[in-house]
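I wanted to look up how the strands and helices of this model are put together. My notes follow the order in which I checked things.

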Amino acid sequence: MRRLRPGAGVLRRPRGDEDARRFRRHRQQRRPRPADAAGVDHPEIFHKVFDVNVGGTLWGIQAAIEAFTAQGHGGKIINACSQAGHLGNPGLAVYGGSKFAIRGITQTAARDLADRGITVNGFCPGIVDTPMMRGIAQQTADEAGKPFEWGMQQFAQNIALGRLSQPDDVASCVSYLAGPDSDYMTGQSLLIDGGMVYS
Ligand SMILES: NC(=O)c1ccc[n+]([C@@H]2O[C@H](COP(=O)([O-])OP(=O)(O)OC[C@H]3O[C@@H](n4cnc5c(N)ncnc54)[C@H](O)[C@@H]3O)[C@@H](O)[C@H]2O)c1
């Protein structure tokens, strides 16, 4: 099995591109109907998103435990959550539900693994300027018949710091969670969103 170094839980399989493609495909295929107001989604979308986001988190934690145990030490597991794991976002029931699940798994795993010297935390970005987010902004702009910049601006307007997050903003948070300064922290899902959700 691939050996992970302490803190490598964050390096498990990323899945943003696939998420973005799914959102675009889903929005293209379906227009809102009354039943969708409750966030009811296609079973296929639900299973895919939960398999990737929730399953990926669970299997990643298991792989990290095996690796830490084989190496004879504790470690740090860092899960990719989201501000959507703290607050329900309109129209994002499935994605948000999967991120709430990640926050719950983070808390549970933190308590389960503490006696092995393993901490488990998560990071919760807001709106990060990544290919995934650009895809969603382009989709929003296309649907409104507006330029791409307008689409990005729609997501920036509720951020207290007045700008989208850059990947480095999030990397700094992850670096903190991976380093010794966070040794006394476990079970937390840290918001790094420029001021969108206040906990
Ligand atoms: N971008 C945001 O605004 C935002 C906000 C909150 C949470 N998040 C979360 O952050 C995570 C990453 O999102 P992102 O915006 O960076 O996505 P992204 O699609 O922009 O980037 C994902 C990266 O992972 C790589 N990747 C995809 N599948 C892979 C695989 N199977 N193996 C190896 N590499 C693979 C892609 O090549 C890409 O470089 C996701 O869990 C997402 O839900 C993103």
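**Notebook: sheet and packing helices**

I began with one pair of residues: the bridge partner of G122 is S189, which lies in β3. The model is a predicted one, and I read the entries below as such.

I then looked up the strands behind that pair. Strand β2 covers residues 118–125 and is joined to β3 by 4 bridges, the two running parallel.

Next I took the sheet as a whole. I found an open sheet of 3 strands, in the order β1-β2-β3, with parallel pairing. I noted β1 (75–80) and β3 (189–192) as the edge strands, since each pairs on one side only. On average, neighbouring strands are turned by 25 degrees against each other, direction ignored.

I went on to what packs on the sheet. Helix α2, residues 43–71, touches β1 and β2, and its direction makes about 170 degrees with that of β1. Helix α3, residues 93–113, touches β1, β2 and β3; I noted about 165 degrees between its direction and that of β2.

Last I checked helix α6, residues 167–178. Its 12 residues reach 16 Å from the first C-alpha to the last, close to the 16 Å expected at 1.5 Å a residue. Which residues of α6 are buried? I listed C173, L177 and A178. They lie on the same side of α6, because they cover an arc of only 140 degrees around the axis. As a general reminder, an α-helix has 3.6 residues a turn, so residues three or four places apart point the same way. I also looked up the cover over the buried residues of α6, and it includes β1, β2 and β3.

Technical notes
Residues are numbered from 1 along each chain as its sequence is written. This is a predicted model: local features need pLDDT of at least 70, side-chain atom pairs count only at pLDDT 80 or more; totals for chains, interfaces and linings use all residues. Two strands pair if DSSP finds at least two bridges between them. Axes are lines fitted to C-alpha atoms, for helices over the stretch in contact, and angles run from 0 to 180 degrees between N-to-C directions. Two residues are in contact if their C-beta atoms, placed from the backbone, lie within 7 Å. The expected span of a helix is 1.5 Å times one less than its number of residues. A residue is buried if 20 or more other C-beta atoms lie within 10 Å of its own, exposed if 12 or fewer, and partly exposed in between; C-beta atoms are placed from the backbone. The arc is that of the directions from the helix axis to the C-beta atoms.
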